Each structure stands twice: as C-alpha cells, then as structure tokens.
2 protein chains.
Amino acid sequence: MSRPPLTRDEVLTAAAHLVKRHGPDALTMRRLAADLGTAVTSIYWHVGNRESLLDALVERTVADLGEIRPRGATPHARVVSVARALRRQLRAHPHLVAMVHERGLTERMFLPAQQALVREVHAAGLRGVRAADAVRAVQFLVVGHVLVERNRERSPVQRPGEGDLWGEQAEKDTAPGSDRALARALAAPVDPERVFTTSVSALVKSLLAAGT
Amino acid sequence: MSRPPLTRDEVLTAAAHLVKRHGPDALTMRRLAADLGTAVTSIYWHVGNRESLLDALVERTVADLGEIRPRGATPHARVVSVARALRRQLRAHPHLVAMVHERGLTERMFLPAQQALVREVHAAGLRGVRAADAVRAVQFLVVGHVLVERNRERSPVQRPGEGDLWGEQAEKDTAPGSDRALARALAAPVDPERVFTTSVSALVKSLLAAGT
DNA sequence: ACCTGAACACCGTTCAAGT
DNA sequence: ACCTGAACACCGTTCAAGT
C-alpha cells in the first residue's frame with residue numbers, strides 16, 4: 001500500500017498540473033500533498049518551501065517555451081514576427097504569465113525572444129547602444145502588452161468604463177472640433193489584437209528608421 | 001471608553017494608511033480591525049467583504065490622482081508629455097498599481113490620461129478610428145511599461161539574467177557580424193527611464209506621421 | 001442600526017519523532 | 001535519506017447574540 005518514494009520532479013509535475021487545471025490559486029501545499037498522496041511536510045523536504053516551489057515551476061515552464069523563429073522578407077516584418085511569436089507563446093500560458101509577474105520575475109519572460117531580436121535588429125543595420133535600445137523597447141512593449149491584455153480579460157466588465165464615458169459623446173451633436181467617429185471608436189470594446197499590431201508596427205518602424 | 005461609531009470612510013482611510021505604510025500584504029481584515037480598535041466583524045458590516053473593500057480603495061485612490069496637463073509646442077512633444085505624466089502618476093503610487101493590476105482593473109489606470117490624449121491626438125490631425133488606435137496604443141504602452149518596470153524593481157536580482165548571458169559575448173573576440181558594443185549594452189543593467197523615453201518617442205512619431 | 005465573540009474552514013511552516 | 005502527525009500562528013467569513 002506504500003507509494004514509491006516522492007521525487008522533486010514529481011512534485012513539480014503535480015504542481016504544474018494543478019495550476020494548469022485549476023489556476024494558480026489552487027496551488028496550495030495542502031492540496032498538492034493531497035494530489036500526491038503524501039503528507040504536506042514531505043513536500044517541504046523536497047522543495048524547501050512554497051516560494052522555491054514556485055520559482056522552480058516558473059523556471060521549468062519558461063524552459064519549455066521553445067525557440068522563436070523570425071519570418072518575413074523585410075527587417076520590419078521579421079522583427080514584428082518575433083514580437084507576435086513572443087506574444088503568442090506567452091498567451092498560450094496565461095497562468096505562467098500571472099505567476100511570473102506575481103513573483104517579480106518579469107525579466108524572465110524576455111529572454112526567449114531576445115536572441116532572435118538581437119539578430120534581426122543587427123541585420124537591420126542597428127549597432128551598439130542603439131540596437132540594444134531597440135531590442136529592449138520591443139521586449140517591454142510585448143511583455144507589457146501581454147500583462148495588460150491578460151489583465152483586462154480577467155475582469156471583462158469594468159464599472160465606469162470607456163463605453164459609458166464616450167458613448168454619450170458619440171450621441172451628442174458636434175461642438176467645434178469634436179469627432180463622433182473617434183467617440184464611437186472609443187466607446188466600442190477594445191480589440192487588443194489590433195492595438196498590439198498597431199503598436200508594434202509603429203514602434204518598429206521608427207526604431208528601424210534610425211538604422212538607415 | 002467606547003469609541004465613536006465606525007464609518008465606511010474611516011475604514012477606507014485606515015486601509016489606505018495601512019497599505020501606504022506596510023504594503024498591500026499587510027492589509028488583512030484582522031490587522032485593519034486592530035488598527036481601528038474594533039472587532040473584525042464590524043468591518044464586514046461597513047464594507048461587505050475584503051473584495052469590495054479593495055474595490056472601494058482602488059476607486060478612491062484613482063479618483064485622487066488628479067488631472068494631466070499636456071506640455072510642449074509640437075503635437076509629438078505634447079503627446080509624449082502626457083505619457084510621461086501618466087507614468088509619473090502611476091509610479092508615485094506603486095501599491096495602487098499593484099492592487100489595481102491584481103484585481104484585474106488595469107483599464108482603470110487608463111482613464112486619467114485618456115481625455116488629454118484624445119485632445120492632443122485630434123489636434124495632431126488624426127481622426128476617427130485612427131485617432132482611437134493611437135490613443136489606445138499609447139495607453140497600453142504606458143501602463144504596460146509601468147507594470148513591467150515596477151515588477152523588475154521588486155526583485156532586482158534575477159538568476160540567469162541578461163548580464164550573464166551577454167557579458168561573456170562582450171568578452172569574446174568577434175565572430176563575423178558580432179557586435180561587442182551591443183553585447184556590452186545588453187549586459188549592462190536596464191535603464192527603464194531610457195527604455196520608456198525611447199519607446200514612447202518612437203511610437204508617437206510613427207502614429208502621428210499617419211495624420212499628415 | 002451597529003457591534004461583539006465564538007466558530008468554521010482554510011492557509012504556510014516548524015519540529016520532534018519515526019523508519 | 002525520507003516521511004509522518006501534531007501544533008503554531010495566521011487568514012477570510014458566517015452567524016447568533018447582544019445593545
């Protein structure tokens with residue numbers, strides 16, 4: 001009736017499973033122990049404490065993300081494709097993003113895309129500090145955007161929202177300089193995909209222009 | 001010896017005080033009750049539960065942020081100034097940012113700057129959907145950046161960091177196409193202020209170019 | 001209308017004790 | 001080396017009872 005000896009790896013796998021199925025909040029030491037069929041205190045022997053369990057979990061998941069391959073003919077298209085790929089990877093692991101952010105490890109989410117970005121920016125003719133600035137600008141934009149986007153999805157209804165604010169403006173007849181199409185666009189729900197595309201494309205365009 | 005009757009407002013003020021002095025984690029119902037000199041359960045009568053206490057707290061703090069006034073001569077300078085002002089406001093309330101984000105109310109952080117942005121973008125000649133896209137792009141960039149930035153500050157030492165990754169590259173002698181200045185720049189610690197300026201300026205430049 | 005203490009169902013963590 | 005149960009110091013929340 002006795003289970004085979006517990007391993008650190010087994011603990012991590014069970015933890016990952018728990019997070020994937022029931023969200024990060026479900027990952028309590030006691031529930032994890034129950035899933036594993038051991039005493040809570042056994043887990044402590046293998047992973048130290050909750051903090052380092054989460055650290056290890058984040059590390060493992062990030063390592064599994066996989067490489068990013070740029071696509072496209074122009075430098076602009078290739079850099080944008082890296083940004084899109086990074087966003088897609090992160091959005092495929094929403095719980096990971098939340099966990100990494102909660103633990104203050106946001107920088108960790110940068111690394112998978114960094115090599116690819118460096119190569120592309122260099123190929124586009126940027127050098128030295130200017131190239132580094134461009135890489136960082138894209139990284140911050142993508143990760144920041146994913147954080148904002150994920151967060152908006154978590155609580156879709158916001159109380160005094162843009163809709164209420166601009167909806168009435170869109171109805172009003174025009175004071176000089178007013179723009180009903182604008183008001184209507186702001187009253188409509190945000191399309192994050194669209195915002196992302198607009199932002200990345202615009203940002204990259206300016207950044208690469210500095211290289212020519 | 002009996003204290004005057006508790007009010008909802010008093011609860012919120014004490015909660016804000018607690019968060020400001022000891023961080024969001026210190027805001028427990030029990031500790032709050034202790035600070036107020038009442039029973040824990042009294043708080044529930046006034047604010048419902050912890051959820052709605054946090055909601056009310058966020059709402060109140062956001063309302064106190066104050067208006068944003070654009071500065072500068074050119075449209076570009078004025079939009080950038082709004083972005084900087086929003087960032088400064090948010091960074092002045094780090095706990096607020098954390099709380100708003102945790103509660104999935106990121107959109108809430110947009111609103112203070114939105115009117116100002118709309119006005120400036122319109123003045124720059126953008127109209128309708130295109131203007132709305134520009135406003136949103138700037139908003140997402142600023143809020144996303146602040147989230148990333150705050151988060152990096154929370155845990156300054158990251159284990160397999162950029163430094164380790166690029167530091168050795170900077171030492172190596174050059175494979176074809178390698179760029180030691182770039183490697184050195186990436187090995188150095190990030191200057192978020194610089195990244196922010198670069199990003200906003202580049203983004204706004206492209207966005208406004210579409211209006212002429 | 002407002003406050004209270006007791007109680008419930010949870011947490012993470014420590015520790016002495018087992019094999 | 002690995003596992004265990006008991007215990008500690010916390011949580012948020014409910015509820016019946018007080019004034």
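Copies are superposed by least squares on the C-alpha atoms of residues with pLDDT of at least 70 in both. This is a predicted model, in which local features need pLDDT of at least 70, side-chain atom pairs count only at pLDDT 80 or more, and totals for chains, interfaces and linings use all residues. Residues are numbered from 1 along each chain as its sequence is written, chains are lettered from A and ligands numbered from 1 in the order in which they are written, and side-chain values use heavy atoms, with hydrogens and water left out.

**View 1. Chains A and B around their rotation axis.**
Two copies of a chain are related by a rotation about an axis and a shift along it. Here, chain A is superposed on chain B by a rotation of 180 degrees with 0.0 Å of shift along the axis, at an RMSD of 0.0 Å. The two copies are thus related as by a two-fold rotation axis. To find that axis from chain A, look for A:Gly144, whose C-alpha, at 1.8 Å, comes closest to it among the residues of the chain. Of the interface residues of chain A, 100% are also interface residues in chain B, so the copies meet through the same surface.

**View 2. Helix H11 of chain A against helix H8 of chain B.**
Helices (H or I, at least four residues) and strands (E, at least two) are DSSP runs, numbered from the N terminus. Axes are lines fitted to C-alpha atoms, for helices over the stretch in contact, and angles run from 0 to 180 degrees between N-to-C directions. The axes of H11(A), residues 192–209, and H8(B), residues 128–154, come within 9 Å and cross at roughly 85 degrees. That makes H11(A) roughly perpendicular to H8(B), a label for angles of 65 to 115 degrees (under 35 is roughly parallel, over 145 roughly antiparallel, and the rest oblique). H11(A) makes the contact with A:Arg194, A:Val195, A:Thr198 and A:Ser199, while H8(B) brings B:Val129, B:Asp133, B:Arg136, B:Ala137 and B:Phe140; contact means heavy atoms within 4.5 Å. These residues divide into four nonpolar, two polar and three charged. Ala, Val, Leu, Ile, Met, Phe, Trp, Tyr, Cys and Pro count as nonpolar, Asp, Glu, Lys and Arg as charged, and the others, Gly among them, as polar.

**View 3. The protein surface near DNA strand C.**
DNA strand C is surrounded by 17 residues, the closest being A:Arg30, B:Leu6, B:Thr41, B:Trp45 and B:His46; a residue is near a strand if one of its heavy atoms lies within 4 Å of it. Sugar and phosphate make up 49% of the strand C atoms that come within 4 Å of the protein. The side chain of A:Arg30 has an N or O atom 2.2 Å from a base nitrogen of strand C, and that of B:Thr41 has one 3.1 Å from a base oxygen. A polar backbone atom of B:Leu6 is 2.6 Å from a phosphate oxygen. H3(B) supplies the largest share of this surface, four residues.

**View 4. The protein surface near DNA strand D.**
Around DNA strand D there are 17 residues, with A:Leu6, A:Thr41, A:Trp45, A:His46 and B:Arg30 the closest. Phosphate oxygens of strand D lie 2.5 Å from a side-chain N or O atom of A:His46 and 2.8 Å from a polar backbone atom of A:Ala39. H3(A) gives the most to this surface, with four residues.

Conventions. A polar contact is a pair of N or O atoms within 3.5 Å; within protein, one must be able to donate a hydrogen and the other to accept it, and residues adjacent in sequence count only if both atoms are side-chain atoms.
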